[in-house]
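Please look over the sequence and the model shown here before reading the briefing.

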Amino acid sequence: MRNNVLSAGAGIALLAAALGFWLHGRIPAMKCLRLPDGTQAFYRSDSVIEPGKGFPHPRKLLVDGDVLLKVPAAGDPMIVATRLFLLTVSGESTLRITAYSREAGEQVEVVCGDVLARKNYPSKFDEPDHLAAGQMSMVNRTIELMVKGSFTPSEFSPGAKIIGEDPGG
């Protein structure tokens, strides 16, 4: 009986270790990129951020994935291109972009600042969304839809440590 219990315990421990190793390879790690203009990008390892040729002149990024951008004020606006969005970031801003090219839709949430969100493809419905803190835009090309909504920026406070801010103030 004791050997059966020990064998079962060892089997469970081995299964848990194997599951841990399998999950470790599947959960994307967080990364940080600091750009020459002071922009900070916090992103998952399954995401891609490519500064445009000659960055910061022009100040352009290509994004595919899940990214939190902290953009400082500068003379020129930051242009962020995804498969479906063309975002113009004016002044100091913090925004989250969820834009995986493997998914049908994309989303941008403005925590603070000012963003103009346009479709990055030809459309009969090409009215841009002007976004301020607490506003978001979602786009889905398959159903030709772009919609503006709102959220509570304090929802981002648990992640404040990620972007280098004190969550208490």
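The points below cover strand pairing, the nonpolar core and one buried loop residue.

This is a predicted model, in which local features need pLDDT of at least 70 and side-chain atom pairs count only at pLDDT 80 or more, while totals for chains, interfaces and linings use all residues. Residues are numbered from 1 along each chain as its sequence is written, and side-chain values use heavy atoms, with hydrogens and water left out.

**Strand pairing**
- Strands here are DSSP runs of E with at least two residues, numbered from the N terminus, and two of them pair if DSSP finds at least two bridges between them.
- β1 (residues 30–34) is antiparallel to β2 (residues 40–44), with five bridges between them, and Lys 31 has Tyr 43 of β2 as its bridge partner.
- Five residues lie between the strands of this hairpin, where Gly 38 adopts a positive phi near 95°.
- β2 also runs antiparallel to β4 (residues 60–71), to which four bridges join it, and Gln 40 is bridged to Lys 70 in β4.

**Nonpolar core**
- The largest nonpolar core (buried Ala, Val, Leu, Ile, Met, Phe, Trp, Tyr and Cys residues joined through side-chain atoms within 4.5 Å) has 27 residues, and Leu 69, Val 80, Leu 87, Leu 95 and Ile 97 have the most contacts inside it.
- Two or more residues each come from β2, β4, β5 (78–81), β6 (85–99) and β7 (105–119), and β6 gives the most, with six.
- Beyond its neighbours within four places in sequence, Ile 97 is in contact (heavy atoms within 4.5 Å) with residues including Val 63, Leu 69, Val 80, Leu 87 and Val 108.

**A loop residue**
- Ser 47, in the loop between β2 and β3 (48–51), counts as buried because its relative accessibility is 7%, where buried means under 20% relative accessible area (1.4 Å probe, protein chains only).
- Leaving out residues up to four places away in sequence, Ser 47 touches Asp 64, Gly 65, Asp 66, Val 67 and Tyr 100.

Conventions. Buried < 20%, exposed > 50% of the residue type's maximum accessible area, 1.4 Å probe, protein only.
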